[in-house]
Amino acid sequence: MSLNCLRFVSHSLKKPPSFHLSYLPSSSSSSSSTVIVAMSYSKELAAAKKAASLAARLCQKVQKALLQSDVQSKNDKSPVTVADYGSQALVSFVLQQEIPADFSLVAEEDSKDLRKDGAQETVERITKLVNDSITSDGSYNVTLSTEDVLKAIDSGRSEGGSQGRHWVLDPIDGTKGFLRGDQYAIALALLDGGKVVLGVLACPNLPLTSISAAGQLSPDNEVGCLFFAEVGGGTYMQPLDGSSAVKVQVTAVENPEEASFFESYEAAHSMHDLSSLIAQKLGVKAPPVRIDSQAKYGALSRGDGAIYLRFPHKGYREKIWDHAAGCIVVTEAGGVVTDAAGKPLDFSRGKYLDLDTGIIVTNQKLMPLLFNAVRESIKEKAASL
């Protein structure tokens with residue numbers, strides 16, 4: 001009688017942070033015997049941190065010299081920048097250099113628009129940005145052609161799924177924030193068997209210290225954070241310059257009146273009226289902190305706020321690259337991420353997340369109260385329509 005492979009993660013296990021455990025059948029004749037095999041994602045995590053950090057530097061360079069001509073339009077009308085394509089090409093290149101075996105990338109962009117007539121100048125700018133980034137890093141003695149860059153962008157066409165390993169990338173999450181000079185993130189995660197096993201968030205404009213209740217930055221506040229998490233190993237934050245990392249934890253606040261909450265900056269991305277009703281039911285007194293991108297997940301993982309609410313408008317389908325990295329960054333910091341029905345997010349079904357209404361994020365102690373407020377508010381809103 002054979003045993004099925006059983007993989008699990010438990011924060012209560014006494015094990016090195018870079019390992020999770022798999023229970024495999026033993027070759028012994030006893031049907032109840034198992035062999036514990038330690039598996040590490042440390043090499044993949046190192047590659048992900050390197051790729052996201054290099055992409056963040058590229059994006060910082062572009063943002064400083066942002067020109068109106070950098071912006072194209074996509075079918076969904078959201079802006080795409082030279083940095084967006086350059087970030088995806090660079091991350092794809094670095095990952096394939098560092099982890100070449102069975103490479104699969106699920107990413108937001110493709111080169112379709114860049115291959116159209118009139119796009120050559122844009123492609124050349126992207127190629128120069130990518131090559132400058134590779135040269136400044138010094139790890140790779142190579143110069144990419146424009147076709148190499150286009151192919152690197154197109155390597156993100158994987159559909160993901162429940163089998164094998166798939167990298168998941170949003171090259172610039174929060175493009176509108178990027179264009180305004182506000183928050184954005186390079187969000188990179190790894191799926192293994194449909195589960196998120198590591199995540200990295202590079203947040204070039206997020207301050208290293210806690211953001212204020214108004215979400216504003218002080219003029220002398222140093223910015224640029226890299227959050228990273230591996231399954232079973234906790235969440236860490238370090239400056240983008242690569243100096244030492246510190247372990248972070250979500251806030252331990254239990255009283256919702258003392259909680260603050262994050263939501264999307266753009267009203268088009270989330271129903272602010274529903275979030276306001278939920279906050280009212282909880283007795284939250286602080287105004288919402290509205291910032292772009294998965295930087296919200298990073299800020300919440302270190303305790304800047306207690307709650308993140310995201311309720312997209314009807315008809316919108318969440319993509320896995322908008323939440324995969326942020327989800328593990330928060331959960332490994334002790335937080336909880338579910339849909340509005342209380343179910344964990346399922347990243348195993350391809351490019352899209354099938355959700356009930358929206359996404360709610362908080363700590364373990366606040367989740368029961370938050371969940372009840374969410375369900376009551378959704379019912380009230382539906383009844384008023």
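# Exercises on helix packing and salt bridges

With a relative accessibility of 42%, Arg115 counts as partly exposed. The exercises below concern a predicted model, and Arg115 returns in the second of them, where Arg115 pairs with Glu147.

**Exercise 1. Determine how helices H1, H2 and H3 are arranged, taking H1 with H2 and then H2 with H3.**

Step 1. Start with the pair H1 and H2. Their axes approach to within 9 Å and cross at roughly 155°.

Step 2. Classify that angle. An angle over 145 degrees counts as roughly antiparallel, and therefore H1 and H2 are roughly antiparallel to each other. The handedness of their crossing is right-handed.

Step 3. Turn to H2 and H3. Here the axes are 9 Å apart and the packing angle is about 45°. This makes H2 oblique to H3. The crossing of H2 and H3 is right-handed.

Step 4. Check the geometry of H2. Its 17 residues should span 24 Å at 1.5 Å a residue, and the end C-alpha atoms are indeed 24 Å apart.

Step 5. Ask how enclosed H2 is. Of its 17 residues, 14 are buried, so H2 is largely enclosed by the rest of the structure.

**Exercise 2. Describe where the salt bridges Glu44–Arg165 and Arg115–Glu147 sit in the chain, and how accessible their residues are.**

Step 1. Note the total. The structure has 24 salt bridges. In general, side chains of opposite charge can pair when their charged atoms come close.

Step 2. Take Glu44 and Arg165, whose side chains meet with an N to O distance of 2.7 Å. Glu44 belongs to helix H1 (residues 42–64) and Arg165 to strand S7 (residues 165–173), so this salt bridge ties together parts 121 residues apart in sequence.

Step 3. Compare accessibility with the cut-off of under 20% for a buried residue. Glu44 has 10% and therefore counts as buried. Arg165, at 31%, is partly exposed.

Step 4. Take Arg115 and Glu147, joined by a salt bridge of 3.3 Å, N to O. This pair also links distant parts of the chain: Arg115 is in the loop between strand S6 (105–107) and H3, while Glu147 is in helix H4 (residues 146–154), 32 residues apart.

Step 5. Add the accessibility of Glu147, which is partly exposed with a relative accessible area of 32%.

Step 6. Widen the view. Salt bridges link Arg115, Glu147, Asp154 and Arg157 in a network.

**Exercise 3. Characterise helix H3 by its length, its buried residues and a salt bridge within it.**

Step 1. Establish the extent. H3 covers residues 120–137, which is 18 residues, and reaches 26 Å from first to last C-alpha, close to the 26 Å expected at 1.5 Å a residue.

Step 2. List the buried positions. They are Thr122, Val123, Ile126, Thr127, Leu129, Val130, Asn131, Ser133 and Ile134.

Step 3. Locate the salt bridge. The side chains of Lys128 and Asp132 meet at 2.8 Å, N to O. The two residues are four apart in H3, which means that about one helical turn separates them. An α-helix has 3.6 residues a turn, so residues three or four places apart point the same way.

Step 4. Place both residues on the accessibility scale. Lys128 is exposed at 52%, whereas Asp132 is partly exposed at 29%.

Step 5. Look just beyond the helix. Gly138, just after H3, has a positive phi of about 85°.

**Exercise 4. Locate Asp102 and Thr357, two residues other than glycine with positive phi, and state how accessible they are.**

Step 1. Asp102 has a phi of about 50°. Its place is in the loop between helix H2 (82–98) and S6. With a relative accessible area of 74%, Asp102 is exposed.

Step 2. Thr357 has a phi near 70°. It is found in the loop between strand S16 (335–339) and strand S17 (359–363). Thr357 is partly exposed, at 33% relative accessibility.

**Exercise 5. State how many disulfides the structure has, and whether Cys59 and Cys327 are buried or exposed.**

Step 1. Recall that a disulfide is a covalent bond between the sulfur atoms of two cysteines. The search of the whole structure returns zero disulfides.

Step 2. Read the accessibility of the cysteines. Cys59 is buried, with a relative accessible area of 0%. Cys327 is buried too, with 11%.

Note on methods
Residues are numbered from 1 along each chain as its sequence is written. This is a predicted model: local features need pLDDT of at least 70, side-chain atom pairs count only at pLDDT 80 or more; totals for chains, interfaces and linings use all residues. Side-chain values use heavy atoms; hydrogens and water are left out. The expected span of a helix is 1.5 Å times one less than its number of residues. Buried means under 20% relative accessible area, exposed over 50%, partly exposed in between (1.4 Å probe, protein chains only). A disulfide is a pair of cysteine sulfur atoms within 2.5 Å. A salt bridge is a side-chain nitrogen of Lys or Arg within 4 Å of a carboxyl oxygen of Asp or Glu. Axes are lines fitted to C-alpha atoms, for helices over the stretch in contact, and angles run from 0 to 180 degrees between N-to-C directions. Angles under 35 degrees count as roughly parallel, over 145 as roughly antiparallel, 65 to 115 as roughly perpendicular and the rest as oblique. A crossing is left-handed if the near helix is turned anticlockwise from the far one by less than a right angle, and right-handed if clockwise.
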